[in-house]
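This report introduces a protein chain to a reader who has not met it before. Please view the sequence and the structure below before reading on.

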Amino acid sequence: MEDTLCALRSLMASHSPPLDALVVPSEDYHQSEYVSARDMRRQFVSGFTGSAGLALVTKNEARLWTDGRYFLQAEQELSDQWKLMRIGEDPAVDTWMADNLPKEASIGVDPWCISIDTAQRWERAFAEKKQKLVQTTRNLVDEVWINRPPAEVNAVIVHPMKFAGRSVADKLKDLRKKLAQEQARGIIFTALDEVAWLYNIRGSDVAYCPVVHAFAIVTSNSAFIYVDKRKVSVEVQTQLMENEIEIREYKDVSSDVTLLATDELDAKATNETDKSVNGEHHRAQENSNDHIWVDPGSCCYALYAKLNPDMVLLQQSPLALSKALKNSVELDGLKKAHIRDGAAVVQYLVWLDKKMQDIYGASGYFLEKDSVKKEKHLQSLKLTEVTVSDQLEGFRASKEHFRGLSFPTISSVGPNAAIIHYSPKAETCAELDPDKIYLFDSGAQYLDGTTDITRTVHFGKPSAHEKACYTAVLKGHIALGNARFPNGTNGHALDILARIPLWKDGLDYRHGTGHGIGSYLNVHEGPHLISFRPRNVPLQSSMTVTDEPGYYEDGKFGIRLENVLIIEEANTKFNFGDKGYLSFEHITWAPYQVKLIDLNLLNPDEINWLNSYHSACRDILAPYMDEVENAWLKKATEPVGA
């Protein structure tokens, strides 16, 4: 690590101009949350393995910014050479650079790895001291990363209509209407899930996300995909060509954006430039529509720099919302995927319950007694956070349409459960303990949907405090899931519902409460959120969103409960203001552990909801279970009373 920092500082000093600081973001050329192994530059430089964060290397300091999900993890993973900067508590990175770097400092960044939004915000912060953001022509980290993983050549696959529910032609027609409305003659897509969604393709270029490293440009008359052509089979080529999408090499996006800026791209396209698109001639109106649309949050600064800034429409991608509003085929697929996934989770709990009793003498999932310590006669029998999560993956892998996990499984015991995005490693992970809370947050990619579920369990005798905390989290989870709200409400307005039961006791959690989820795409999907961070995107019918409040005590335990919900129109008695009202439908099926609930803290409505949800779990999952599993599930979902 020390050698890496020395080598970077040497390159910074010899750079023209010499750099006072170098920013190493987590993101790749597409501003992705999860990136491929060769794009994990920030992890390589800092040693911090979390999915979110930013490294800053100055002449004599190294600092890493990350959010509340990762404070504990970063403390454990960063060496003494690094200082942790806590987002929300310490100064933001742009503020810190503006305040602490010298006047007229040069701050280097690879313009492919930073969004337009971020670059412009930093430039504003730097203006007062005449500091400047320097776009490096090569990535300095790549220069010092000797064993950087090679680029993989993974096949692109067609995502068929039976799962996609909408044709590429239909999506392109809708997109071109939006271009005309916004008086734009072209749009650049850099977000990997947007390219995959628009062209009905999937891939395996990024672990956990079924996406392809590709860019797309769509104009009024033509459409392009920029991808390593070695990945494109005849079948994929046929589908793309049928939809008049020209396949070009990945690196060509750079020169083609330059051509797009001067309106020469269509002329260069192999298709006739004045052809009829969807029965309408677009060429005639193109002169008045001279803007190029780019999403400032996802488009990299490198491509923006090739455009005339006066002719750029900086606005959220129209695909963000289109993708979030699931069609009936996608909704049906998501429901089915979550049923199979719920079955895998229950099968896992049945297996884990038996193992905890057999190996550790635990009282188990149902009984509340001290464990009877057993002789560890066979060390090979011991359960660790990694061996049990592998078993969970095995149950999922046996299900129809399984294609892999949707993120690294968070399998965490006791103090590790307090690390919000804990990722166990085989060499260092903890052994399971019947006397400590166990939290697992996991999900899978199925061809018909993406899943994400969290359950928290205890196989011994939970303390009264642990039960009170679990119940507060459950109360918040139920309150949010049962909300009814008018059209036009954003997730920020609902976030408080999940926190009120915790706030009542002076408790809280440092993460958002809900995110959208893809249809065999990314597990985290915008543009909406349920969060304490404002994001003014109204929740709409047919969006998906998670409901996942939690509570964490550093060094002791963590609790989180998570279901995926579909937003639907609510059947309300009245309709004030003619707005129409919305509610949530739960599509995740797995029991909550009654042993961890202090029933005295639940009101009659909450008890009714719990009983009704458990009854649905039993009925929905029964066909997927054998006799033993069904007997366990029946017991786990028995009605409870106040």
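The mean pLDDT of the protein is 94, and 95% of its residues reach 70 or more; pLDDT is the predictor's confidence in each residue, from 0 to 100. Over residues 271-287 the pLDDT is below 50, and this stretch has 26 contacts in the model beyond near neighbours in sequence, a contact being heavy atoms within 4.5 Å. Where pLDDT is low, the predicted coordinates should not be read in detail.

The model is predicted: local features need pLDDT of at least 70, side-chain atom pairs count only at pLDDT 80 or more, and totals for chains, interfaces and linings use all residues. Residues are numbered from 1 along each chain as its sequence is written, and side-chain values use heavy atoms, with hydrogens and water left out.

**Annotated spans**

The table gives two domains from the UniProt record, both from an unreviewed entry. UniProt positions are given in the numbering used here, feature names are shortened, and annotations may be inferred rather than shown by experiment. Helices (H or I, at least four residues) and strands (E, at least two) are DSSP runs, numbered from the N terminus.

| UniProt annotation | Residues | Helix | Strand | Distance between end C-alpha atoms |
|---|---|---|---|---|
| domain: Creatinase N-terminal | 7-137 | 31% | 21% | 18 Å |
| domain: Peptidase M24 C-terminal | 580-640 | 46% | 10% | 35 Å |

**The six-stranded sheet**

An open sheet of six strands follows the order β12-β11-β10-β8-β13-β14, with mixed pairing; two strands pair if DSSP finds at least two bridges between them. Strands β12 (245-248) and β14 (312-314) stand at the edges with a single partner strand each, so one side of each is left without a neighbour in the sheet. On average, neighbouring strands of this sheet are turned by 20 degrees against each other, direction ignored.

Within this sheet, strand β8 (residues 184-189) has six of its six residues buried, where buried means under 20% relative accessible area, exposed over 50%, and partly exposed in between (1.4 Å probe, protein chains only). Strand β8 runs parallel to β13 (residues 291-294), joined by three bridges, and A184 has H291 as its bridge partner in β13. Four bridges join β8 to β10 (residues 215-219), and these two strands run antiparallel. Here I188 stands opposite I217 in β10, and F189 stands opposite A216 in β10.

Helix α11 (residues 253-261) packs on the sheet and touches β8, β10, β11 (223-226), β12 and β13; its direction makes about 20 degrees with that of β10. For such angles, axes are lines fitted to C-alpha atoms, for helices over the stretch in contact, and angles run from 0 to 180 degrees between N-to-C directions.

**The four-stranded sheet**

Another open sheet has four strands in the order β21-β28-β27-β24, with antiparallel pairing. Its edges are β21 (485-486) and β24 (544-547), each with a single partner strand, so one side of each is left without a neighbour in the sheet. Five bridges join β27 (residues 563-569) to β28 (residues 581-586), and E569 stands opposite L582 in β28. Helix α17 (residues 464-481) packs on this sheet, touching β24, β27 and β28, and its direction makes about 130 degrees with that of β28.

**Nonpolar cores**

A nonpolar core is a set of buried Ala, Val, Leu, Ile, Met, Phe, Trp, Tyr and Cys residues joined through side-chain atoms within 4.5 Å. The largest has 82 residues, and Y348, L352, L383 and F584 have the most contacts inside it. Helix α15 (residues 328-360) supplies the largest share of this core, 13 residues. Leaving aside neighbours within four places in sequence, L352 is in contact with L383, V388, L432, Y438 and F459. A second, separate core of 44 residues includes L179, I201, I517 and I566.
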